[in-house]
Amino acid sequence: MSTDNYVNFFQEKQGRKGIWTWLLSTDHKRIGLMYLYSIMILFMVGLTLGILMKLELIAPGRTIMGPQTYNGIFTLHGIIMIFLIVIPGLPATFGNFFLPIMIGAKDVSFPKLNLFSFYLYILGALVATTSQFLPGGPPDTGWTFYAPYSFKTSTNMFPAVLGAFILGFSSILTGLNFIVTIHRLRCPGMKFMKMPMFPWTLYGTAWIQLLATPIVGITLLMVIAERFFHIGFFDPALGGDPVLYQHLFWIYSHPAVYIMILPAMGAISEIIPTFSRKGIFGYNALVVSTMAIAIVGYFVWAHHMFTSGLSMVAQFTFSLLTFLVAIPSAIKVFNWVATMYKGSINVQVPFLWALSFIFLFMIGGFTGLVLGAVATDIHVHNTSFVVAHFHYIIFGGMGFAFFAAMHYWFPKIYGKMYSKTPAIVGWALFFIGFNILYFPMFILGLQGMPRRYYDYLPKYASLNAVSTIGSWILAIGFLIVVINLIRGAIKGPKAEANPWEGKTLEWTIPSPPSLENFEEIPEIS
Amino acid sequence: MSEDKPHISSYASSIWILLALLLLTIATVSVTSVNLGPLSVSVAMFIASMKATLVLLYFMHLKFDHKIYRLMMTIVLLLFFAIIILTFLDYSFRIK
């Protein structure tokens, strides 16, 4: 290809000027980047709220905030992190950017719908965060909006719930777009069983987005109807059942965990073989385990409700199903390790993030078994053990995979390279800070410290102080990582088209890609 | 593929389906006057499912579309039933 005439997607303005080249673009790459920048800004907000919560917990008693403020902050932290960051996280950013390229397509099937999804995301984000500033005060229910409190509290529940409802539509439309794209736009020769793992995981995720999200949408509407019209879905005084809310909420929100983690697993399945300089071990098993996680993940929701008064039959069944979903997850970990075995390992920054993902995800997974077993779950339910487990899975899993993907695909996105040394220092501080922050919470939980309280007994003080210090180390690591990436994007050295010697289609085209990705649609032999 | 050959339903078939839906609606209303005890919800759901199936097959053209759409719809329905069954493992076995 002649480099003289090459115009990458940053340079291609499509007849627009200034900010409009971004805001009105239906190019999947620009939309992916708009999601990326929005998510990174919101992540900084969510991280700041988390650090403030840990600062409050540095010592017993009131330190920097009172109970109502603490309740509002952990609710907003949850809403931002779950609905605005980890659910759209990898699919909306790297999925949008790389799915069409990795299957040999010029764009997604419905580019305008893709842009519409982005604006729904922004609208949902604005509506949800507005709830913090309106008269009535920030919502204080936690991100789960549990009934009956959610329709009785005097705080601003309506905008928070409406925001989550709008965000759900953004997620559904993205899922629909990806399913159609994968079915209809794969290049000649790219059979389903020749697709790279990242598109496969996006496919599984898209089905969950499409089928599970409407359930939470309806549920949130039911909360609004309950709050304003007193219908009696969940209110025991009107013949309703608050446990029904929990069923409906978790029928979506547990599969949502797999919306968060499956694309993360897909990104790791791209990174590990590239830096092991080997093909992925057990491709078929990885594909089957991806779909198995997506399917079985639907049927485990009530393990969040073991202390809610479920029948014994339901407790037994959901516990069994929860243990079943551990099997495909373990298959993936086995395959990643087997891929590295006897590989020619090239230790680069994305590989370090990927390795730490496996380590943290394993800790999160094993502690999940404690919560999946009814007897032990009842002991640690609603303690900080649950918070630690959840963060090891979601932050240690999806979060670390996000940064692994960011460092892996960065040279392809920007055509430039970040500095390696600060990237490693940032990763090391992030990883160390993460473990100092969250591991003590396992011990605190086993000792009985409840979650979602701004205060605690003096016997928990030392481990809480350690945990708070961990949050500072993590924040410093995060800042180093982000500053290094921004610096690399602005004035990093030019990157080769395939700096990691990757084998998938995105590495066969110049960096950054052109508007239509390929001069000619590739053929897979 | 069948989607390349669009199918146009006849007025007659649409009217037959409409009549069937009206009859099933009358059945839904009529059955409420019979005391079926715990089966009343199941019977109402069964009639509603039949109506939904007719709408999906004929008015939404699922019967005439490519089989992949029927497969997708079947998967969704199986998922729905699985979720209902699992939810009722809780409600049916609770200690009163």
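In which sense, left-handed or right-handed, does helix H4 of chain A pass helix H8 of chain A? In this predicted model, H4(A) passes H8(A) in a left-handed crossing. The contact is made by A:Leu90, A:Pro91 and A:Met102 on the side of H4(A), and by A:Ile259, A:Pro263, A:Ala264, A:Ala267 and A:Glu270 on the side of H8(A). Sorted by character, the residues of this contact comprise 7 nonpolar, no polar and 1 charged.

H4 covers residues 89–102 and H8 covers residues 242–276 of chain A, and their axes, which come within 11 Å, cross at roughly 45°. The two helices are therefore oblique to each other.

Chain A also meets chain B, with 21 residues of chain A in contact with 15 residues of chain B. Between them the two chains bury about 1,500 Å², and 76% of this area lies on carbon and sulfur atoms. The count of salt bridges between chain A and chain B is 1, and a salt bridge is formed where the side chains of B:Arg94 and A:Asp241 meet, at 3.7 Å from N to O.

Two peptide bonds in chain A are cis, as set out here.

| Cis peptide bond | Omega | Place of the proline |
|---|---|---|
| A:Ala147 to A:Pro148 | near 5° | A:Pro148, loop between helix H5 (111–130) and helix H6 (157–184) of chain A |
| A:Ser511 to A:Pro512 | about -15° | A:Pro512, segment after helix H15 (461–491) of chain A |

One further detail of the backbone concerns A:Arg277, which has a positive phi of about 55° although it is not a glycine. A:Arg277 lies in the loop between H8 and helix H9 (283–296) of chain A.

Key:
Residues numbered from 1 in each chain as written. Chains lettered and ligands numbered in written order. Predicted model: local features only at pLDDT ≥ 70, side-chain atom pairs only at ≥ 80, totals over all residues. Heavy atoms only, no water. Axes fitted to C-alpha atoms, helices over the stretch in contact; angles between N-to-C directions. Helix = DSSP H or I, 4+ residues; strand = E, 2+ residues; numbered from the N terminus. Parallel < 35°, antiparallel > 145°, perpendicular 65-115°, else oblique. Left-handed = near helix turned anticlockwise from the far one by under 90°. Contact = heavy atoms within 4.5 Å. Nonpolar A, V, L, I, M, F, W, Y, C, P; charged D, E, K, R; others polar. Buried area = accessible area lost by both parts, 1.4 Å probe. Salt bridge = Lys/Arg side-chain N within 4 Å of Asp/Glu carboxyl O.
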